[in-house]
Amino acid sequence: MPESKMTRKRLIDNLNDDLSREYQAIIAYVAYSQALKGAQYMNIATELEAHAKQELQHALIIAKQIDYLGGSPSVTPKPVKAPGKNEAMLRADLDNENETVRNYRARVRECEALGEYAIAEDIREILRQEQEHQIDLATALGEEVPDVSKSGRD
Ligand SMILES: [Fe+2]
Ligand SMILES: [Fe+2]
């Protein structure tokens, strides 16, 4: 949506969507870090445990921003795929991180359009960590980090 149409209400709704994605990430990283099997996956399993903790910190920051803006924080995660084959779990995580990065890039612009510069700064810091998560997952899958900047959605 064009930033000129941004309102505080829309920003709260979008941040609640972000919060639901953070819950999704926490659940997926908790479950998948333990469900990965095989010696060659133990390094990435340890990284996923570290991601889970970072996603919890993100959720707390986003919930605080929603409350600051006068909204009520979501308690509902986006859907999480049940644990399966190693590669399928890493693929699901990477897909979710791509969606998260797309959204936080848009959110920085929306915050700035509303003059909410401090929130934009917090989200930039979260975004930096989400991009590291993308790199960790793409590397584990033996791929380049996908370019999500030309999706047309942000
Ligand atoms: Fe996150
Ligand atoms: Fe992440």
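**Close-up views of a predicted four-helix model with two iron ions**

**Figure 1. E130 and H133 at the iron ions.** E130 and H133 are both buried. The model shown here and in the other views is predicted. Both residues belong to helix α4, three residues apart, which is about one turn of the helix. An α-helix has 3.6 residues a turn, so residues three or four places apart point the same way. E130 and H133 are among the donors of the iron ion (ligand 2), and E130 is also one of the donors of the iron ion (ligand 1).

**Figure 2. Coordination of the iron ion (ligand 1).** The donors are E22 (OE), E22 (OE), E55 (OE), H58 (ND1) and E130 (OE), at 1.9 to 2.4 Å. E22 thus appears twice in the list of donor atoms. Along the chain, the donors follow the spacing E-x32-E-x2-H-x71-E. H58 sits in helix α2 (residues 42-68) and E130 in helix α4 (residues 117-140), so this pair ties together parts that are 72 residues apart in sequence. H58 is buried, as is E130.

**Figure 3. Coordination of the iron ion (ligand 2) and the bridge between the ions.** Here the donors are E55 (OE), E97 (OE), E97 (OE), E130 (OE) and H133 (ND1), at 2.0 to 2.5 Å. In sequence these donor residues are spaced E-x41-E-x32-E-x2-H. E55 coordinates both this ion and the iron ion (ligand 1), and the two ions are 4.0 Å apart.

**Figure 4. Helix α4 and its packing.** Helix α4 has 24 residues and reaches 35 Å from its first C-alpha to its last, close to the 34 Å expected at 1.5 Å a residue. Its buried residues are I119, A120, I123, I126, L127, Q129, E130, H133, Q134, L137 and A138. Two of the iron donors, E130 and H133, are therefore included in this buried set, where buried means under 20% relative accessible area. The buried residues of α4 pack against α1 (8-35), α2 and α3 (86-113). Just after the helix, G142 takes a positive phi of about 70°.

**Figure 5. Surroundings of I126.** I126 has its place in helix α4. Its relative accessibility is 2%, so I126 counts as buried. Leaving out residues up to four places away in sequence, I126 touches E22, H58, I61, I62 and Y104. Of these, E22 and H58 are donors of the iron ion (ligand 1). The C-alpha atoms of I126 and I62 are separated by 9.6 Å, and the two residues are 64 residues apart along the chain.

**Figure 6. Nonpolar cores.** The largest nonpolar core has 21 residues, and those with the most contacts inside it are L15, I62 and I123. The elements giving two or more residues to this core are α1, α2, α3 and α4. Apart from it lies another core, of 18 residues, among them L36, Y41, I44 and L94. In soluble globular proteins, nonpolar side chains tend to be buried together. Neighbours within four places in sequence aside, L15 is in contact with I62, Q65, I66, L69, R107 and I123. The contacts of L15 thus include I62 and I123, which are named with L15 for the most contacts inside the largest core.

**Figure 7. Surroundings of N86.** N86 lies in helix α3. At 15% relative accessibility, N86 counts as buried. Its contacts, neighbours within four places in sequence aside, are A35, L36, K37 and Y41. Among these, L36 and Y41 belong to the core of 18 residues.

**Figure 8. The whole chain, for orientation.** The chain has four helices and zero strands, in the pattern α-α-α-α along the sequence. The radius of gyration is 16 Å, close to the 15 Å that the globule rule gives for 154 residues, so the chain is as compact as a globular protein of that length. The C-alpha trace spans about 50 × 30 × 20 Å along its principal axes. Of the 154 residues, 44% count as buried. Among contacts with a separation of 6 or more, residues 24 or more positions apart account for 80%. The chain exposes about 8,200 Å², and carbon and sulfur atoms supply 53% of it.

Technical notes
Residues numbered from 1 in each chain as written. Chains lettered and ligands numbered in written order. Heavy atoms only, no water. Donors = N, O, S within 2.8 Å, 3.2 Å for Na, K, Ca; no water. Buried < 20%, exposed > 50% of the residue type's maximum accessible area, 1.4 Å probe, protein only. Expected span 1.5 Å × (residues − 1). Contact = heavy atoms within 4.5 Å. Core = buried A, V, L, I, M, F, W, Y, C linked by side-chain atoms within 4.5 Å. Rg over C-alpha atoms; globule rule 2.2 N^0.38 Å. Areas by Shrake-Rupley, 256 points an atom, 1.4 Å probe, with all protein chains shown as cover.
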